[in-house]
Amino acid sequence: MASIRLDDVSLVFRVRQQRRMTLKEFVVQRIMLRTPNPVLEVKALQNINLHLNEGDRLGIIGCNGAGKSTMLRMLAGIYPPTTGTRVVDGEIGSLFDLALGFEQDATGWENICFRGYLQGETPKTIKSKMQAIADFSELGEFLYTPLRYYSSGMVVRLAFSVATAINPEILLVDEVLSAGDLAFQRKCRQRMEDMISTARLIVMVSHDLGALQRFCNRIIWLENGTIREEGPAEIVIGRYKTEMQRLHGAEGAYDAGQSDSVRDELPPAEGFSVAA
Amino acid sequence: MSNYLAAIWKCRYFWLAMVRMDLRTRYRRSVLGIGWSLLQPIAMTAVMCTVFCTLFNETLADYAPSLMAGFCFWNFITTATSQGCSCLFQGEKYIRQYPAPIAIYPLRAVLGASFHFLIALSLVLMLRIVMKGFDNIPALLIHLVPTLFLLFVLGWSLAILVSFATVYFPDTQNITEVGLQILFYATPIIYKPQMLIDKGLGWVVYLNPLAAYLQILRDPILYGVSPPVQAYLMAILTAIVFAGMAAATLLQLQRKIIFQL
């Protein structure tokens with residue numbers, strides 16, 4: 001039974017004004033009785049209450065810096081909540097920062113293994129998935145060369161292929177629907193839809209309001225680290241769009257609807273051959 | 001505690017793959033492969049033997065294996081700490097994506113160092129046997145089991161401690177390097193502990209835990225005697241103290257370290 005429960009969760013980043021200070025500086029400043037490197041507190045999330053059960057498809061919307069990605073990372077267990085409790089039941093699979101987390105000097109095949117092991121695969125289970133991952137990425141011979149020589153698009157292809165090869169109970173997705181070139185995007189979208197239909201619980205962050213409306217049954221709208229609104233997808237997205245229009249005028253309306261118009265420009269599926 | 005170890009064990013395939021990759025990239029870079037990594041202690045031993053055998057009035061057969069064992073040991077300590085300093089930055093990309101136990105990154109560093117150590121140590125054993133014969137060494141090899149275990153615990157703990165310290169204070173690496181340099185001369189590596197004891201400086205040897213580690217390493221495989229109990233006790237105590245500090249560090253900072261990276 002997959003479930004997520006957040007009770008009154010807050011997350012505070014304590015940021016140093018200067019980056020790091022050396023031990024020498026630290027000791028000297030302490031001796032001189034100066035406050036070494038003052039700490040700035042950034043309230044990334046405040047008083048978040050959230051209960052998600054099996055079958056829920058939650059979308060998170062909000063402006064840049066509203067705390068969407070932080071929220072996902074907190075759900076994944078990467079950022080511990082500063083106060084409040086986080087209880088997650090179920091195996092988590094996450095799709096964040098796809099291009100991150102590869103060994104530049106290792107080959108594509110090796111990187112598939114490393115990622116797979118981190119996601120809980122064993123040499124036995126990964127073996128059966130390797131070929132499928134390689135096929136999906138369509139990287140062919142490039143899998144035998146070190147990642148150093150990959151283009152950024154190729155890295156994203158590999159990352160997406162590995163990350164989606166698992167079937168987690170809880171799926172956390174951070175803005176990955178626009179990976180790679182058009183042909184690959186179409187494949188990705190298909191794969192995402194498959195994953196979304198098999199995962200038992202999903203939380204996704206996206207600026208693609210159209211996609212959220214299709215995939216999600218619930219939406220939370222984050223603003224400055226707090227939940228501004230929560231409810232059924234259509235209602236919250238509608239209010240969000242209105243607000244963006246009110247705030248930014250015609251420009252904002254364009255921003256909010258941008259991803260929809262990009263999708264409309266995609267050629268229709270039947271007129272487009274994808275080797276799958 | 002046991003939960004934490006279980007979590008480390010659970011992602012064993014990941015860190016083992018990392019260690020394998022580290023070793024391969026290290027050896028691939030040179031034509032001689034593993035031989036190249038042994039060249040450094042061999043060359044050091046050769047040069048120092050010519051100087052110090054005369055200076056200390058030692059026979060080559062006694063001095064060379066002892067010196068080389070010292071270098072292997074020291075190499076392990078310095079590699080574990082220097083790799084430990086960089087291991088969390090090296091693993092940052094994984095730390096940011098998966099909530100795996102942080103201790104696996106220092107573990108990766110210390111396993112690499114252990115591998116080199118074992119290869120070099122087998123060379124020391126061969127050197128000893130070639131130069132002075134077998135004696136009762138095969139019977140005493142069992143002593144290596146606790147010694148290697150203690151050394152591994154010490155190395156892992158040191159790596160954990162410096163890895164966290166480096167994230168908070170970037171000059172940790174410099175400081176530990178200087179510290180180890182000083183400690184190198186206070187540890188009976190190029191000289192024998194007896195030389196200090198004879199000159200009334202025995203306390204340097206008795207108070208230095210690394211000297212105890214060296215003794216439990218050298219006694220059985222070089223001199224063919226069982227190490228004294230107090231050396232074992234000193235080594236065990238040191239391992240416990242450092243492991244305790246490492247565990248406390250993990251307990252306190254393991255969840256918070258992500259905010260500092």
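Here's a quick look at how chain A and chain B meet in this predicted model, plus a stop at one helix of chain B.

Let's start with the interface as a whole. On one side, 32 residues of chain A are in contact, and they face 27 residues of chain B. Putting the two chains together buries about 2900 Å², with carbon and sulfur atoms giving 63% of that area.

As for polar links, the count between the two chains is two salt bridges. One of them joins the side chains of B:Lys93 and A:Glu103, at 3.8 Å from N to O. The N to O distance falls within the 4 Å cut-off, so the pair counts as a salt bridge. There are also five residue pairs in polar contact between chain A and chain B, both residues being at pLDDT 80 or more.

Which parts of chain A supply at least two residues each to the side that touches chain B? These elements do:

| Element of chain A | Residues |
|---|---|
| Strand 1 | 3-16 |
| Helix 1 | 23-31 |
| Helix 2 | 68-76 |
| Helix 3 | 108-118 |

Helix 3 of chain A gives the most to this side, with five residues. Sorted by class, the side of chain A that touches chain B has 18 nonpolar, six polar and eight charged residues.

Now over to chain B and its helix 6, which covers residues 104-132. This helix has 29 residues and spans 41 Å from its first C-alpha to its last, close to the 42 Å expected at 1.5 Å a residue. Just after helix 6 comes B:Gly133, which takes a positive phi of about 80 degrees.

Terms used:
Residues are numbered from 1 along each chain as its sequence is written. Chains are lettered from A and ligands numbered from 1 in the order in which they are written. This is a predicted model: local features need pLDDT of at least 70, side-chain atom pairs count only at pLDDT 80 or more; totals for chains, interfaces and linings use all residues. Side-chain values use heavy atoms; hydrogens and water are left out. Contact means heavy atoms within 4.5 Å. Buried area is the accessible area (1.4 Å probe) that two parts lose on being put together, summed over both. A polar contact is a pair of N or O atoms within 3.5 Å; within protein, one must be able to donate a hydrogen and the other to accept it, and residues adjacent in sequence count only if both atoms are side-chain atoms. Helices (H or I, at least four residues) and strands (E, at least two) are DSSP runs, numbered from the N terminus. Ala, Val, Leu, Ile, Met, Phe, Trp, Tyr, Cys and Pro count as nonpolar, Asp, Glu, Lys and Arg as charged, and the others, Gly among them, as polar. The expected span of a helix is 1.5 Å times one less than its number of residues.
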